[in-house]
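Morning, everyone. Let's walk through one model together. Please have the sequence and the structure open.

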Amino acid sequence: MRKEKEMSLQKTTLAHWLWLVTAIVLEVAATTIMTLSHRWTFAHAEILGLGIMWLGIALSYFSLARATTGLPVGVAFAFWEGLGLVLVTISGVFILSEELSLSRFLGLVCVLEGALLVHKGTSHGDEEETQTTSSKASEDYKTAEGGAK
């Protein structure tokens, strides 16, 4: 029987976060260009816009995949989608002259808070190790305290 290699995350580094930021920027740029291309007036502008969008989204997914080698997929996806949505909306307001209503703004705040909660609620290997070490130290202290009485 063939042994299956156990899948585990690499230790999270700055590079993983940079891959995630790259994925977000590419997604936002691709989506914005797709929409802008409908305003271009030269021949085949919309097709060019779609081609650029497809390339940008493909590179975004590649970057997201690289990010998830060191970040939990739920955290990476939450930030990718959450920050992507916020930045696309900001792009829409400043580049595409869309309106930002109060309810739309509050929705974006909720999306960002949700991404942060997912990140906060996701355990990472080094955090679990720290918690285990801290629990063991607490138990050792209680044992030593009990023996001193």
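Let's start with a loop residue, His44. At 61% relative accessibility, His44 counts as exposed, because the cut-off for exposed is over 50%. Keep in mind that this is a predicted model. Where does His44 sit? His44 is in the loop between H1 and H2. Now look at its backbone. Phi of His44 is near 65°, a positive value in a residue that is not glycine. Most residues other than glycine have a negative phi. That is the reason to pause here.

There is a second case. Ser97 has a phi near 60°, again positive and again in a residue other than glycine. Ser97 is placed in the loop between H3 and H4. Buried or exposed? Ser97 is exposed, with a relative accessible area of 66%.

Now step back to the whole chain. How many helices and strands does the chain have? The count is 5 helices and 0 strands. Read from the N terminus, the order is α-α-α-α-α. The chain has 149 residues, and 23% of them count as buried. Its accessible surface comes to about 10600 Å². Carbon and sulfur atoms account for 66% of that surface. What about contacts along the sequence? Take the contacts between residues at least 6 apart in sequence. Of these, 71% join residues at least 24 apart.

Next, one helix in detail: H3. This helix covers residues 73-94. Does its length fit, or not? Here is the reasoning. At 1.5 Å a residue, the 22 residues of H3 should span 32 Å. The end C-alpha atoms of H3 are 31 Å apart, which agrees.

Which residues of H3 are buried? Among them are Val75, Ala76, Phe79, Trp80, Gly82, Gly84 and Val86. What do the buried residues of H3 pack against? They pack against H1, H2 and H4. H1 runs over 14-36, and H4 over 102-121.

Let's take the H2 side. Two packed helices are described by the angle between their axes and the distance between the axes. For H2, residues 45-67, and H3, the angle is about 145° and the axes are 10 Å apart. H2 passes H3 in a right-handed crossing. Which residues make the contact? From H2 come Ser60, Tyr61 and Leu64. From H3 come Ala76, Phe77 and Trp80. By type, the contact holds 5 nonpolar residues, 1 polar and no charged. Ala76 and Trp80 were also on the buried list.

Last, two neighbours in H3: Val88 and Thr89. Start with Val88. At a relative accessible area of 26%, Val88 is partly exposed, because buried would need a value under 20%. Leaving out residues up to four places away in sequence, Val88 touches Val28 and Thr31. Val88 also has a distant partner in sequence to look at. Glu27 is 61 residues from Val88 along the chain, yet their C-alpha atoms are separated by 8.6 Å.

Now Thr89. Thr89 has a relative accessible area of 6%, so it is buried. What does Thr89 touch, with residues up to four places away not counted? The answer is Leu100, Arg104 and Leu108.

To recap: two exposed loop residues with positive phi, His44 and Ser97. Then H3, whose buried residues pack against H1, H2 and H4. Thanks, that's my part.

Definitions and conventions:
Residues are numbered from 1 along each chain as its sequence is written. This is a predicted model: local features need pLDDT of at least 70, side-chain atom pairs count only at pLDDT 80 or more; totals for chains, interfaces and linings use all residues. Side-chain values use heavy atoms; hydrogens and water are left out. Axes are lines fitted to C-alpha atoms, for helices over the stretch in contact, and angles run from 0 to 180 degrees between N-to-C directions. Helices (H or I, at least four residues) and strands (E, at least two) are DSSP runs, numbered from the N terminus. A crossing is left-handed if the near helix is turned anticlockwise from the far one by less than a right angle, and right-handed if clockwise. Contact means heavy atoms within 4.5 Å. Ala, Val, Leu, Ile, Met, Phe, Trp, Tyr, Cys and Pro count as nonpolar, Asp, Glu, Lys and Arg as charged, and the others, Gly among them, as polar. Buried means under 20% relative accessible area, exposed over 50%, partly exposed in between (1.4 Å probe, protein chains only). The expected span of a helix is 1.5 Å times one less than its number of residues. Accessible areas come from the Shrake-Rupley method with a 1.4 Å probe; for residues, only the protein chains shown count as cover.
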